[in-house]
Amino acid sequence: MSARAWLVSLLLTVVAVAARGATDSDFAITVSGRFYYVATTGADTNPGTLASPLRTIAKGAELAQPGDAVLVYGGTYRERVSPPRGGTDAINPIIYKAQPGQNVIIKGSEAWRPTWTQSGSAADIQFAVPDDALFTDDVYVTNKNPFKVAVASTPYAREGKPEFTAGNSAADANMVYTLGQVFVDGAMYVQKPYQSEMAASTGTWWYDAGTGRIYVHFNSIGLQNTALIEITTRRRIFAPHTRGLGYIHVLGFVMEHCGNQFPRHFWDNTDTAQAGTLGTRAGHHWTIRGNLVRHANSIGMDFGGESNVDNERTNQSRPASTLIGYHVIDGN
């Protein structure tokens with residue numbers, strides 16, 4: 001081949017490679033496929049272009065194929081992201097990335113604006129029942145509503161185990177901690193297992209399992225009408241439903257307000273199976289970098305093999321151990 005023919009061939013090859021890929025300098029990322037953009041100003045009926053972004057990360061996950069990236073602009077996204085597929089290899093992962101320098105928050109909570117009722121004569125103690133429609137993460141063997149699921153083990157100084165068990169003479173059937181959480185203007189209020197304990201301390205709340213009421217002891221009278229009140233409505237924030245997906249990158253997000261379960265006997269108990277706020281679901285070759293995970297009811301992150309039991313109704317068997325792992329996890 002002549003030098004000129006070789007040069008022309010090389011240039012054509014470079015052009016062909018460039019045509020198959022894309023670069024976004026704002027997100028400092030290059031992919032072999034295409035970009036899907038997500039912004040709080042977008043709509044899921046949009047194509048996901050820079051000019052017409054999507055509204056939810058979940059919609060981006062639905063569309064993304066191996067080699068693609070879902071790029072997310074700053075703001076609050078109240079959703080569970082459950083990628084339906086992974087990448088195919090190290091060159092063609094599926095990438096989820098927050099815009100550098102912007103606060104991209106994925107919350108497992110919803111803003112709660114109920115009609116409050118005063119409890120007795122105490123004006124700073126109010127109660128309400130959350131609407132069932134708030135709880136959309138309906139995939140579990142128990143209940144989609146975290147407030148209707150008891151924590152498997154009680155917190156420190158509460159014996160660290162279920163309080164009401166056969167043969168436990170000190171057990172108290174009325175002591176119940178739930179998977180739910182309550183936040184008031186960003187502050188996490190403390191759950192109390194007894195109504196009397198809630199009534200004695202401001203900045204606390206109590207769940208009445210008999211009526212479904214959430215009682216909140218606010219820090220000041222009238223706060224229920226002016227504050228941003230959020231309750232946990234989802235039990236995971238970023239985790240596939242399908243086990244064993246590979247080559248997924250999760251980069252630079254804040255994930256908070258997750259009503260997940262304590263993993264007591266996770267290896268043989270369906271309800272308490274390992275389930276982090278951010279979880280790989282027994283996947284392989286994930287890159288999890290630069291994320292902030294906070295205010296989980298129990299586990300912040302899990303990336304192990306799980307077990308053969310599954311707390312989701314799909315009840316999939318775990319992959320073989322040789323197919324699990326090989327992750328890169330740093331800077332979280």
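A salt bridge is a side-chain nitrogen of Lys or Arg within 4 Å of a carboxyl oxygen of Asp or Glu. Keep that meaning at hand during this tour, and remember throughout that the structure on your screen is a predicted model.

**Stop 1: E230 and its partners**

Select E230 and R78 together, and you will find a salt bridge between them, with the closest N and O atoms 2.8 Å apart. E230 lies in strand 16 while R78 lies in strand 5 (residues 75-78), so this pair ties together parts that are 152 residues apart in sequence. How covered are the two residues? E230 is buried, with a relative accessible area of 1%, whereas R78, at 27% relative accessibility, counts as partly exposed.

Now add K107 to the selection, because K107 and E230 tie together parts that are 123 residues apart in sequence, K107 lying in strand 7 (residues 104-107) and E230 in strand 16. The link between K107 and E230 is a salt bridge whose closest N and O atoms are 2.7 Å apart, and both of these residues are buried. As general background, side chains of opposite charge can pair when their charged atoms come close.

**Stop 2: S109, beside E230**

Keep E230 in view and select S109, which is found in strand 8. The C-alpha atoms of S109 and E230 are 6.0 Å apart in space, although the two residues are 121 residues apart in sequence. With 0% relative accessibility, S109 counts as buried. If you leave out residues up to four places away in sequence, S109 touches R78, E230, I231, T232, T233, R234 and H257. Which side chain makes a polar contact with the side chain of S109? Display H257, and you will see that its side chain makes this contact at 2.8 Å.

**Stop 3: the four-stranded sheet**

Zoom out until you can follow strands 8, 16, 11 and 12, which in that order form an open sheet with antiparallel pairing. Strand 8 (109-111) and strand 12 (187-188) stand at the edges with a single partner strand each, so one side of each is left without a neighbour in the sheet. Within this sheet, look at strand 11 (residues 182-184) and strand 16 (residues 229-232), which run antiparallel and are joined by three bridges. E230 appears here once more, as the bridge partner of F183 in strand 16.

**Stop 4: strand 6 and its neighbours**

Select strand 6 (residues 94-98), which is mostly covered, since five of its five residues are buried. In a regular strand the side chains alternate between the two faces of the sheet. In strand 6, I94, Y96 and A98 point one way, while I95 and K97 point the other way.

Next, bring in the strands that pair with strand 6. Strand 4 (residues 69-72) runs parallel to strand 6 and is joined to it by four bridges, and the partner of V70 in strand 6 is Y96. Four bridges also join strand 6 to strand 17 (residues 248-251), again in a parallel arrangement, and here the partner of I94 is I248.

Stay in strand 6 and select K97. What is the nearest side chain of opposite charge to K97, and how far away is it? That side chain is D24, 8.4 Å away, and K97, although buried, has no salt bridge. The side chain of K97 does, however, reach the backbone oxygen of F27 at 2.6 Å. Beyond four places away in sequence, the residues that K97 touches include F27, A28, I29, V70, L251 and F253.

**Stop 5: strand 10 and its hairpin**

Move to strand 10 (residues 122-128), where five of the seven residues are buried. Strand 9 (residues 117-119) runs antiparallel to strand 10, with three bridges between them, and S119 has A122 as its bridge partner. In the hairpin that these two strands make, two residues lie between the strands, and G120 takes a positive phi near 65°. Strand 10 is also joined by four bridges to strand 15 (residues 213-217), which runs antiparallel to it, and I125 stands opposite H217 there.

**Stop 6: a network of charges**

Finish by selecting E306 and R281, which form a salt bridge with the closest N and O atoms 3.6 Å apart. Both E306 and R281 are buried. Then extend the selection to R80, D137, R243, D310 and E312, since salt bridges that share partners join these residues with R281 and E306 into one network. A search of the whole structure finds 16 salt bridges.

Technical notes
Residues numbered from 1 in each chain as written. Predicted model: local features only at pLDDT ≥ 70, side-chain atom pairs only at ≥ 80, totals over all residues. Heavy atoms only, no water. Pairing = 2+ DSSP bridges. Buried < 20%, exposed > 50% of the residue type's maximum accessible area, 1.4 Å probe, protein only. Contact = heavy atoms within 4.5 Å. Polar contact = N/O pair within 3.5 Å; in protein donor to acceptor, adjacent residues only side chain to side chain. Lys, Arg positive; Asp, Glu negative; His and termini not counted.
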